[in-house]
Amino acid sequence: MDWTESTRRTFLKQFGAAGAMALAAAGAEAMPRPAAQMHETPGELAADRRQAATRAQRMQWWHQAKFGMFIHWGLYSVIGQHEWAMEVEGVPIPQYEILAKHFKPKPNAARDWARLAKAAGQRYMVMTTKHHEGFCNFDTKLTDYNAVQQGPGRDLVREYVEAARAEGLRVGFYYSLMDWHHPDGARCKTDEAARQRFVAYTHGLIRELMTNYGKIDILWYDVDWPLTPEQWESEKMNEMVFQLQPGIIVNNRNGLPGDFSTPEQHIKPSEAGRAWETCMTLNDSWGFNRYDNAWKTPEVIVDNLATVAKGGGNYLLNIGPEPDGSVPPASVEILETVGQWLDTNGQAFYGTDRCAADFNINANYTRRGNTLYIHQHFWPGHTPAADWLSFYQPEAVIALGGLKPRVLSAKVLKTGQSLKFTQDEFRLRLTGLPIDPPDSPATVIEVQCDGEPTVNHEAMRPLWPRYKVGISI
Ligand code: GLC
């Protein structure tokens with residue numbers, strides 16, 4: 001079904017009465033906590049300590065991988081108004097359930113996602129198995145509100161797993177603890193029998209996901225409203241997950257610290273030693289949103305990749321496929337451009353280490369061991385002569401204040417051009433660069449140093465030799 005505004009109105013009119021009754025039966029629901037307050041990690045817990053012993057080994061591939069594809073796909077994609085449409089528009093459950101009959105994706109849509117992820121330079125994928133709406137994209141014995149028994153008539157999670165593996169990508173499952181559809185999904189907060197039923201249901205679905213699809217690399221929990229970690233029995237949940245999938249990594253959104261933190265829609269490195277992953281949308285919506293055209297440019301994505309890597313994190317970038325599974329063309333275009341850039345610049349990103357470098361409006365930085373990568377997104381385009389008497393020269397110079405330690409060599413990654421340079425106590429000057437930027441959205445310059453590179457131009461401020469004011473030269 002193509003969910004245009006007029007079909008939506010007709011639909012709401014037609015099913016308004018049934019919907020109103022269902023809403024009355026469900027009672028008023030409290031608002032979930034805002035995302036910013038939701039994901040703070042509490043202190044060390046017993047289960048986390050047990051998992052800490054194997055963490056470095058389990059997460060090795062993930063730290064190397066750096067870049068993943070998030071996929072939000074479900075009944076909300078049919079509406080095409082963001083994945084929160086059910087709650088935001090107050091769609092009654094009996095009406096919303098009808099979407100499940102009309103969700104009829106084309107076969108193996110996930111193959112295109114996996115190919116796109118590969119082309120984009122993404123090394124892992126995380127797909128919504130069940131979002132807040134409660135619909136299971138997978139086969140389950142615990143509810144008939146699932147893809148096999150409803151419109152799709154097949155297990156969409158299985159197709160996704162097979163598609164990701166076919167492209168050599170790691171496989172992650174997103175799972176929302178919050179459930180707007182299950183009868184106990186809200187009353188579990190105040191009714192102990194309902195809590196027990198709902199927790200058994202939740203653990204049961206996770207058990208199926210961890211049992212029926214072979215090796216799974218990531219379990220990505222989301223929104224733990226309305227229960228506390230104790231009420232969710234989150235320690236038991238994680239222990240079951242690790243028992244079934246010993247090599248898996250889990251995030252922190254079931255209220256426990258898990259293996260990594262999950263800043264959402266912003267880049268915020270955790271303290272050193274704590275893994276983190278920024279998840280972000282390509283426009284402003286996770287689920288398909290027909291008229292959300294606030295697309296980020298490839299320039300922004302490439303710069304975000306560098307900022308994330310500079311802080312030692314990972315970047316999980318979302319697509320919201322259309323109801324038939326097609327990826328919005330704007331997303332395809334952005335991701336392919338980013339992927340082409342990574343083809344020649346990937347070494348400045350994959351497997352890099354945290355980098356101590358000041359902010360620079362014209363460039364970003366990443367680091368691997370003793371190598372600094374300068375990601376110059378605003379190319380100088382001209383340069384003053386050494387005596388500053390003539391400003392425009394037939395070459396460009398990139399100068400960097402406060403770089404330590406000694407530079408051994410420098411080259412442009414895209415063209416391989418090796419660069420002449422001068423370096424004194426205060427700055428590095430890379431010379432002989434072309435007037436036009438050799439690469440876009442950013443040109444990466446690889447600078448080999450004789451120790452760990454740091455860029456701290458601010459520290460040089462008091463050290464600058466200063467002269468009297470008013471002398472003419
Ligand atoms: C928030 C939103 C949810 C989205 C998630 C992705 O928790 O509620 O819709 O799936 O962020 O991180």
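A residue counts as near a molecule if its C-beta atom, placed from the backbone, lies within 6 Å of it. The model used here is predicted.

**Exercise 1. The ligand shell**

Find how many residues surround the ligand, and sort them by class.

*Solution.* Step 1: apply the cut-off. The ligand is surrounded by 9 residues. Among the closest are Glu-83, Asp-222 and Trp-286. Step 2: sort the shell. It holds 5 nonpolar, 1 polar and 3 charged residues.

**Exercise 2. Two packed helices**

Decide how helix 7 lies relative to helix 13.

*Solution.* Step 1: know what to look for. Two packed helices are described by the angle between their axes and the distance between the axes. Step 2: read the values. Helix 7 (residues 109-120) packs with helix 13 (residues 329-345) at about 40°, and the axes are 7 Å apart. Step 3: classify. That angle makes helix 7 oblique to helix 13. Step 4: list the contact. Helix 7 gives Leu-116, Ala-119 and Ala-120. Helix 13 gives Val-332, Leu-335, Glu-336, Val-338 and Gly-339. Step 5: sort these residues. The contact has 6 nonpolar, 1 polar and 1 charged residues.

**Exercise 3. The sheet**

Work out the strand order, the edges and the helix 7 packing.

*Solution.* Step 1: order the strands. The open sheet has 8 strands, in the order 5-4-3-2-1-8-7-6, with parallel pairing. Step 2: find the edges. Strand 5 (249-250) and strand 6 (260-261) each pair on one side only. Step 3: add helix 7. It packs on the sheet and touches strand 1 (67-71), strand 2 (124-130) and strand 8 (314-319). The direction of helix 7 makes about 155° with that of strand 1.

Notes:
Residues numbered from 1 in each chain as written. Predicted model: local features only at pLDDT ≥ 70, side-chain atom pairs only at ≥ 80, totals over all residues. Nonpolar A, V, L, I, M, F, W, Y, C, P; charged D, E, K, R; others polar. Axes fitted to C-alpha atoms, helices over the stretch in contact; angles between N-to-C directions. Helix = DSSP H or I, 4+ residues; strand = E, 2+ residues; numbered from the N terminus. Parallel < 35°, antiparallel > 145°, perpendicular 65-115°, else oblique. Contact = placed C-beta atoms within 7 Å. Pairing = 2+ DSSP bridges.
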